[in-house]
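Open the model in your viewer and keep the selection panel at hand. We will go stop by stop, picking something to select each time.

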Amino acid sequence: MAEFIRFERITKFYGPLCVVENLDLGIEKGEFVSLLGPSGSGKTTLLMMLAGFEQPTSGNILLDGTAINAVPTHKRDMGVVFQSYALFPHMSVGENIAFPLQMRGIGKAEVDERVKRALGMVQLSALVDRRPSQLSGGQQQRVALARALVFEPRVVLMDEPLGALDKNLREQMQLDIRDLHRRLGLTIVFVTHDQSEALTMSDRVAVFNKGRIEQIGTPRQVYDEPATRFVAEFIGETNLVEGVVEAVQGQEATVRLPSGAQIVSAVSGTVARGQSVFLSIRPERVDLSEARGEARNVLETEVTDSVYQGDHLRVQLQNATHPLIAKLGRRSREFPPGTKVFAAFSAGDCRVIAP
Amino acid sequence: MSAASSRTGRSLILLAPLLLFLIGFFVWPLFSMMSQAVSDPAVLKLLPRSAEVLADWDRKSPPSAAMQTALMEDLKAVDDDQALGDMVRRLNSARSGFRTLMGKTTSALDETANPPADLVSIDKRWEKPEFWLAIADALSPYTDRNLLAAVDFGRNAAGEIEHLPPDQSVNSVILARTFWIAGLVTFFCALIGFPYAIIAASLDGWKRDLMLGAVLLPLWTSLLVRTAAWFILLQEKGLINDLLLTLGIINSPLALIFNRTGVIIAMTHVLLPFMVLPIYSVLITIPKNLMPAAASLGAPPLRAFLRVLLPLSLRGVASGGLLVFISAIGYYITPALIGGPGDQMISSIIAFYATGSANWGMAGALGMVLLVATLVLYSVYARLSSEEPGRR
Amino acid sequence: MKTILKSGVLAAAAIVLSASIVAPAFARDLTVVSWGGNYQDAQRNIYFKPFSEKLGKPVLDEAWDGGIGVIQSKVKAGAPNWDAVQVEAEELALGCADGLYEKIDWDKMGGKDKFLDSAVNDCGVGAIVWSTAIAYDGDKLKEGPTSWADFWNVEKFPGKRSLRKGPKYTLEFALLADGVSKDELYDVLGTEEGVARAFKKLDELKSNIVWWESGAQPLQFLASGEVAMTSAYNGRITGINRSEGKHFKVVFPGSIYAVDSWVVLKDAENKDAAQDFIAFASQPENQAKLPEFVAYGLPNKDAAAKVPAEFAKDLPTDPANMTDSIPLNVDFWIDNAETLTARFNAWLAQ
């Protein structure tokens with residue numbers, strides 16, 4: 001399948017400041033791609049360039065094979081959902097949603113029909129005559145969503161659309177949007193700094209750092225197979241342990257830790273023998289037991305603290321040379337501080353990352 | 001005593017200076033201006049005997065002996081020169097000639113050695129019913145003549161309201177002109193001020209400060225100086241004409257001064273801040289992303305402006321327009337110095353009545369017309385702005 | 001709470017009261033008010049400062065633009081903040097009739113017989129005799145106008161004209177231009193036909209007139225070439241010729257002269273000092289200094305005799321200048337100013 005949206009060597013400067021650097025990215029039709037990163041990483045700028053609010057300093061943006069750099073925003077046919085909703089305060093909900101249809105010269109009867117349908121889709125049919133200021137934040141965001149979708153844009157761009165909502169509402173909306181995406185076959189580019197949101201909703205996640213994409217892949221890939229230390233740390237919680245590569249066997253490497261322990265781990269990218277690397281070990285993949293067991297990787301540790309957090313038990317461990325965190329299922333037994341335990345994990349549950 | 005009412009009491013005390021100030025310098029002057037316009041005690045106060053006799057007069061025939069005697073008695077009894085002055089001013093305003101007539105009459109009455117037999121023997125003018133009519137019409141403590149005259153109406157000999165002849169009073173023409181000039185100035189202020197405010201609001205940092213400073217600067221200069229500066233710029237051999245002539249854009253000097261053009265230019269400049277600032281203050285409250293949102297929804301820039309930015313900033317344009325218009329209708333110095341004879345505005349007429357002829361009743365009446373016009377405008381504005389959507 | 005309210009009201013009342021009690025405690029110095037500009041500068045030099053030294057106290061001076069309403073509001077409010085004021089003839093007549101002025105102590109002034117008749121009034125002492133006359137720039141017009149008929153003749157003398165915005169003087173000048181002789185001028189103006197005739201004559205010139213309102217404007221217009229000729233106060237013209245080396249000419253034939261007088265406002269705080277000041281300013285040796293600075297005629301006959309010939313020739317009171325000029329008819333204007341102003345404005349607006 002050909003790429004629907006293509007960023008080609010996009011660079012963007014604000015004065016002397018480089019916010020997007022030589023970036024390439026392809027997005028397929030019907031795909032839900034999240035641009036994930038901390039603030040200032042260039043993800044929003046990239047979205048703004050796609051929407052036409054900003055111009056790249058160099059590079060091309062292609063839509064369906066055609067460069068759209070010179071196409072003004074209002075001709076790009078992209079629905080944009082803003083974090084602050086950007087509803088027109090002087091228009092009713094219905095007028096807001098009708099706006100893009102009127103701009104396209106669609107007849108009144110059809111406008112009414114489509115507004116009705118769009119409102120039904122976001123379950124706000126009763127509020128058609130309200131002003132945006134009379135709605136709650138979640139309702140406003142649904143209106144914004146309906147407005148961005150009602151004209152059946154070629155791409156839907158969302159800039160932190162759920163950032164202003166409280167947690168429960170946010171999670172509900174995440175599922176709603178994902179559902180809409182699937183039902184309508186939309187192509188969605190979604191900017192967020194919330195990694196769980198990105199993982200929940202996306203087909204693919206592009207992790208941004210300092211104007212570049214550090215890694216792009218399915219949620220599973222970016223979580224389980226972080227390519228860089230930044231990705232490993234930014235997405236979820238992880239234990240990072242320094243070590244030196246002793247041997248490389250296919251997709252696995254043996255790493256010697258400063259404590260002398262040897263760990264066999266999956267590899268992201270390529271590493272060479274003798275190279276200093278990091279090991280990323282996800283806390284929830286660590287098992288604890290008082291017996292050494294049969295696992296391939298086992299570290300001798302001592303419990304320093306243990307916190308019950310409802311859905312899991314968080315145990316802080318101290319190895320001879322480095323700390324380690326383990327998250328255990330709530331059915332796990334308690335580990336009082338001072339207990340000597342063995343921390344075990346499989347080779348697939350940790351990752352060698354070149355620094 | 002409840003806590004709530006004691007809170008009210010405390011806030012009343014805190015408000016007391018403001019209330020005293022408002023009453024002393026706003027409500028009271030306004031009230032006295034309005035009462036000046038309708039109250040008319042000057043004549044009745046001094047001529048009680050004449051008032052009785054004149055009640056039986058048929059308003060046509062020459063004065064009877066009784067009328068003359070009563071008036072002479074009244075005038076002899078007057079011992080307050082200032083009250084007499086007020087009465088004479090009032091009568092002279094209704095009928096030119098009373099000044100000298102009264103002066104002559106009172107000094108003749110003061111001659112105790114050779115008392116005059118009747119008024120006609122002092123001055124023939126006392127034979128004319130017009131003068132007596134003026135007195136008879138001034139004997140009610142309240143009058144509508146100032147208010148009527150302010151809009152070019154008056155009462156004829158029969159006491160009916162009729163339009164004054166156009167060569168005697170043109171207040172309505174001047175009022176209409178005042179509103180027209182103020183309207184034009186408001187229009188041009190909006191034409192210049194709206195884009196200006198949009199640009200200023202879209203900038204930030206020193207650029208925005210510079211733009212706002214440029215528009216505020218005139219406010220920090222005296223009106224007279226600014227007007228004089230326009231005089232230098234606009235005159236026939238002034239900077240603008242010289243420049244245009246040198247550049248070869250025009251062959252003969254443009255008439256920029258002593259006409260409507262000059263007045264509009266200078267007043268637009270002077271009043272521009274009152275348009276820019278309210279619009280600006282509304283614009284900066286409009287979320288920055290509405291215009292991008294409109295563009296993303298398919299609106300070309302002009303339609304986005306018409307459908308989104310314009311309606312949202314109309315409130316600012318309306319309050320700016322109101323401020324400019326209300327200030328403009330009271331303008332005095334600028335039209336006097338820059339304008340031609342056809343650009344005289346109502347304030348200069350009011351100024352003449354207030355200081356030139358001390359006819360405060362007429363000044364008050366014209367002031368009331370302006371006040372009413374302003375209030376009507378304001379209520380229209382209030383109605384519009386309450387319907388203005390976008391704000392709760 | 002009632003007590004709180006009451007104390008608040010009392011406090012506010014106390015502030016207001018104490019302000020009104022404290023204010024008069026500072027005695028105000030003698031305040032003299034005149035017409036401003038270089039005229040008042042001259043007065044300051046020859047009257048205000050020397051009198052202040054003689055008095056041993058400061059003399060304040062302020063400027064005003066005239067208007068009986070200003071005087072009236074000050075006197076009616078009680079305790080006016082001006083003492084001696086220089087007023088025009090109409091303001092003198094109106095204010096005197098209305099009791100706005102103190103009566104003049106003529107013995108202090110040296111006796112009525114020392115002054116021109118027109119300068120003697122129960123309420124005022126003449127200060128200057130001044131003219132409103134045609135003025136033009138001698139550098140631009142070699143052969144200038146000599147009469148109001150010339151002023152109206154825009155073919156012979158092309159260019160704009162300037163007149164004071166208002167009926168006073170303007171109507172007189174129009175009638176003079178229309179051939180009315182100076183002796184029957186006010187008789188004609190006193191009739192309805194005469195007024196109509198004056199406005200009709202003004203119609204001829206209307207499109208060429210730039211109206212002025214403050215005395216400095218006609219000089220500006222002449223200097224900038226905005227107008228070819230204008231009516232102006234003669235003292236201003238002579239003044240600018242001396243100070244800026246202009247060659248503006250004053251046409252005395254057909255000019256109208258009037259007397260400005262010193263008055264003392266009724267119940268003014270320094271009314272006695274004000275009378276002393278007026279006496280001082282009326283002494284021949286003091287008054288005779290004025291024409292050196294401003295070319296206004298002197299109402300004190302002895303003072304007029306002392307003026308050096310080089311200055312005397314510019315004065316409205318110089319016999320050569322006086323011959324064909326006309327005294328302003330004050331009575332006519334106090335009777336008719338309001339009606340004719342309304343009519344003038346109506347004409348202007350048409």
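**Stop 1: the chains.** Select chain A and chain C. These two chains do not touch. Their nearest C-alpha atoms lie 41 Å apart. Keep in mind that this is a predicted model. Now add chain B. Two pairs of chains touch, and the pair B and C has the most contacts.

**Stop 2: where B meets A.** Hide chain C for a moment. How many residues does each chain bring to this contact? Chain B brings 18 residues, and chain A brings 21 residues. Stay on the chain B side. Select helix H15 (290–296) and helix H16 (301–329) of chain B: each supplies at least two residues of the side that touches chain A. H15(B) gives the most, with five residues. Colour this side of chain B by class. You should find 12 nonpolar, four polar and two charged residues.

**Stop 3: where B meets C.** Bring chain C back and hide chain A. Here 43 residues come from chain B and 34 residues from chain C. Now look at the chain C side. Four elements of chain C give two or more residues to it: helix H1 (2–22), helix H3 (68–76), strand S6 (209–212) and H18. Which element gives the most to this side? H18(C) does, with 15 residues. Colour by class again. The side of chain C that touches chain B divides into 16 nonpolar, 11 polar and seven charged residues.

**Stop 4: helix H18 of chain C.** Select residues 330–349 of chain C, which form helix H18. What span should its 20 residues have? At 1.5 Å a residue, the answer is 28 Å. The end C-alpha atoms are 26 Å apart, which agrees. Next, click on Asn336(C). A kink of about 65° in H18(C) is centred there. Is the helix mostly covered or mostly open? H18(C) is mostly covered, with 16 of its 20 residues buried.

**Stop 5: chain C as a whole.** Select chain C alone and show it as a cartoon. Look for 18 helices and nine strands. The radius of gyration of chain C is 23 Å, close to the 20 Å that the globule rule gives for 350 residues, so chain C is as compact as a globular protein of that length. Switch to the C-alpha trace. Along its principal axes, the trace of chain C spans about 80 × 55 × 40 Å. Buried residues make up 51% of the 350 residues in chain C. Now think about contacts along the sequence. Of the contacts in chain C with a separation of 6 or more, 71% are between residues 24 or more positions apart.

**Stop 6: the two domains of chain C.** Give each domain its own colour. Domain 1 of chain C covers 10–129 + 259–322. Domain 2 of chain C covers 132–258 + 327–349. How far apart are their centres? Taken over C-alpha atoms, 27 Å separate them.

**Stop 7: between the domains.** Zoom in on the border. Here 17 residues of domain 1 of chain C are in contact with 14 residues of domain 2 of chain C. On the domain 1 side, select helix H2 (37–55) and helix H4 (89–97) of chain C. Each supplies at least two residues of the side that touches domain 2. H4(C) has the largest share of that side, four residues. Finish with the class colours: this side of domain 1 of chain C has 10 nonpolar, four polar and three charged residues.

Notes:
Residues are numbered from 1 along each chain as its sequence is written. Chains are lettered from A and ligands numbered from 1 in the order in which they are written. This is a predicted model: local features need pLDDT of at least 70, side-chain atom pairs count only at pLDDT 80 or more; totals for chains, interfaces and linings use all residues. The expected span of a helix is 1.5 Å times one less than its number of residues. The bend at a residue is the angle between axes fitted to the seven residues ending there and the seven starting there. A residue is buried if 20 or more other C-beta atoms lie within 10 Å of its own, exposed if 12 or fewer, and partly exposed in between; C-beta atoms are placed from the backbone. Two residues are in contact if their C-beta atoms, placed from the backbone, lie within 7 Å. Ala, Val, Leu, Ile, Met, Phe, Trp, Tyr, Cys and Pro count as nonpolar, Asp, Glu, Lys and Arg as charged, and the others, Gly among them, as polar. Domain bounds come from an automatic or database domain assignment. The radius of gyration is taken over C-alpha atoms; the globule rule is 2.2 Å times the number of residues to the power 0.38.
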